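Colleague: Could you walk me through reading a model like this one? I would like the general idea for each feature and then the case in front of us.

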Amino acid sequence: MKITVSDKIKHRKLQNEGDLQKISAEQKRYADVCASPKIIETEITNTSEQTDGLMERILTRDNLNLAYKQVKKNKGAGGIDGMQVDELLPYLKENRNELIEAIRSGKYKTQPVRRVEIPKENGKMRKLGIPTVVDRLIQQAITQVLTPIFEQQFSDNSYGFRPKRSAQGALKQCQKNITDGYKYVVDMDLERYFDTVNHSRLIQILSETIKDGRVISLIHKYLNAGIMTGGVFERSEEGVPQGGPISPILGNIMLNECDKELERRGHRFVRYADDLMIFCKSRKATERSLENIAPFIEGKLFLHINREKTKVANVAKVKFLGYGFYIFRGQGRLRVHPQSIQKLKDKIRQITGRSNGMGIQRRKERLLQIVRGWINYFKLADMKNILKPLDEWMRSRIRMLTWKRWKKIKTRFINLKKLGLDEDRAWMWANTRKGYWRTAHSPILLRTLSNDRLKRAGYPNFYDYYLQVAV
């Protein structure tokens, strides 16, 4: 049934199981999307006999309203149908009853996700799957109901994508383990974790807790919804596409099996999403831990361990969530990892470059955002000794950029005089042939574009903000 939502919204058709799906204008054609493979009905997953009312809780007005608010808050790009977040509310007002009935009866048709690739730190690309805004709403509604159920099962050593838990909590637990004498770690790297989750194993784990087969069937449809890349449909026979609201909790549910196994064996560990650190007191014990847990991860959970990146090492030689570790007087301490500092500098270089099209005010705002965000994230680290050199380097970048902006000799001469330089010296420096970076460190710019002047102009610095946060 076609329903016109508004003049701005295209005619849309509620998708039911088996319908031919129409792709947005950018795809320029129809794609024959097959219905998601059915789950084999057993005593666990029988969609008609095994129900505990979980679907009704997902479809309550309050839960759906809360899910809508969260989708609206998160914003984000549209999926393959072209519908944007701002168009969701009018669409729901017209189609709410039909949508709920289709989901309840098992006839709702999930849409393929739109493939988006973003660069990673190592130069490779991270593959994201962007669901349609309607599917995001439904996934959010499912997540809100499943979260309190599975939170009761999750390990206290798991910190990623969980309410009232954060990276800082994971790092503090690492500190405690180190202080207690666990100075060696298995730094576990799961190869392309979210892309290699085994659907059958995940559904089996879900079915042990969820007895409403309709919910299992709906989740299974999302797992098998497929991917649309450049107008070409690809099946998704494994993996949980990153980008949807339901992906984090499904990832945690799968890895909770690993958590329970580690706890059963008495290991100390900290996990944040797919980043796992197993702590031991000696190198030999650490090597044995890796040898013993690897068969479980690969043989029982069907995940892949990246042997090249997984390592056994002293805590001082590993990186976890951007932090490094060291031991001082028997206490586990945190530091900013050198790679994190390099990544920060690369970002500042980009912002203080001339080719990014930023105006002066916009550049100050972006630098302020970076300073606040970086300090708030790394505030647990001992970093006073790195902040002053970092500020000096950033101010040199700002001075160099300013000097480049004063492109002509006349402009440099006028500005140097305005900043208090006498005419002869202003003319001499306006005609200098020294390079930009060398000039940025010259006494003349250190005097005219002083630290106080840059601060009054609105440029932030790391050290001052760190003192505010630390206090």
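**Reading the features one by one**

Modeller: Let's begin with the surroundings of one side chain: setting aside neighbours within four places in sequence, arginine 397 touches Arg349, Thr352, Gly353 and Trp437. Arginine 397 itself sits in helix α13. Please keep in mind that this is a predicted model.

Colleague: What is the nearest side chain of opposite charge to arginine 397, and how far away is it?

Modeller: The nearest one is aspartate 346, at 9.3 Å. A salt bridge needs a Lys or Arg side-chain nitrogen within 4 Å of a carboxyl oxygen of Asp or Glu. Arginine 397 is buried and yet has no salt bridge.

Colleague: How many salt bridges does the structure hold?

Modeller: There are 18. One of them pairs aspartate 382 with arginine 333, with 2.9 Å between the closest N and O atoms. Aspartate 382 is in the loop between α12 (360-378) and α13, while arginine 333 belongs to strand β14 (residues 331-336), so this salt bridge ties together parts that lie 49 residues apart in sequence. Both ends are partly exposed: aspartate 382 has a relative accessible area of 29%, and arginine 333 has 31%.

Colleague: Which residues do salt bridges with shared partners join into one network?

Modeller: That network takes in Glu56, Glu101, Arg104, Asp212 and Arg214. Within it, the side chains of arginine 214 and aspartate 212 meet at 2.8 Å, N to O. To read their setting, take under 20% relative accessible area as buried. Arginine 214 counts as buried at 18%, and aspartate 212 is buried too, at 0%.

Colleague: And what is the sequence separation of arginine 264 and glutamate 261 in helix α9?

Modeller: They are 3 residues apart in helix α9 (residues 247-264), which means about one helical turn separates them. Their side chains form a salt bridge of 2.6 Å, N to O. The two ends have unlike settings: arginine 264 is exposed, with a relative accessible area of 59%, whereas glutamate 261 is buried, at 11%.

Colleague: Now for charges on the surface. Which residues gather in the patch of positive charge?

Modeller: For a patch like this, look for residues with over 30% relative accessible area and no salt bridge, with like charges joined within 9 Å. Here the patch consists of Arg354, Arg405, Lys407, Lys408 and Lys410. Lysine 408 is a good member to look at, in the loop that runs between α13 (384-405) and α14 (409-418). Its relative accessibility is 61%, so lysine 408 counts as exposed.

Colleague: Let's turn to the backbone. What is the phi of alanine 273, and where does this residue lie?

Modeller: The sign of phi is what to look at, together with the residue type. Alanine 273 has a positive phi of about 55 degrees, although it is not a glycine. It lies in the loop between β10 (268-272) and β11 (275-280), and it is buried, with a relative accessible area of 8%. Phenylalanine 302 is another non-glycine residue with a positive phi, about 60 degrees. Its loop runs between α10 (283-299) and β12 (311-314), and at 40% relative accessibility phenylalanine 302 is partly exposed.

Colleague: How far apart are alanine 457 and lysine 364, in sequence and in space?

Modeller: Here you set the sequence separation beside the distance in space. The two are 93 residues apart in sequence and 9.1 Å apart from C-alpha to C-alpha. Alanine 457 is in the loop between α18 (451-456) and α19 (462-470), and is partly exposed, with a relative accessible area of 36%.

Colleague: To finish, what share of contacts between residues at least 6 apart in sequence join residues at least 24 apart?

Modeller: That share is 71%. For the rest of the overall picture, the protein has 19 helices and 14 strands, and 48% of its 471 residues are buried. The accessible surface comes to about 24,300 Å², with 48% of that area belonging to carbon and sulfur atoms.

Notes. Residues numbered from 1 in each chain as written. Predicted model: local features only at pLDDT ≥ 70, side-chain atom pairs only at ≥ 80, totals over all residues. Heavy atoms only, no water. Patch = residues over 30% accessible without salt bridge, like charges linked within 9 Å, V, L, I, M, F, W, Y side chains within 5 Å. Areas by Shrake-Rupley, 256 points an atom, 1.4 Å probe, with all protein chains shown as cover. Lys, Arg positive; Asp, Glu negative; His and termini not counted. Charge placed at Lys NZ, Arg CZ, Asp CG, Glu CD. Helix = DSSP H or I, 4+ residues; strand = E, 2+ residues; numbered from the N terminus. Buried < 20%, exposed > 50% of the residue type's maximum accessible area, 1.4 Å probe, protein only. Contact = heavy atoms within 4.5 Å.
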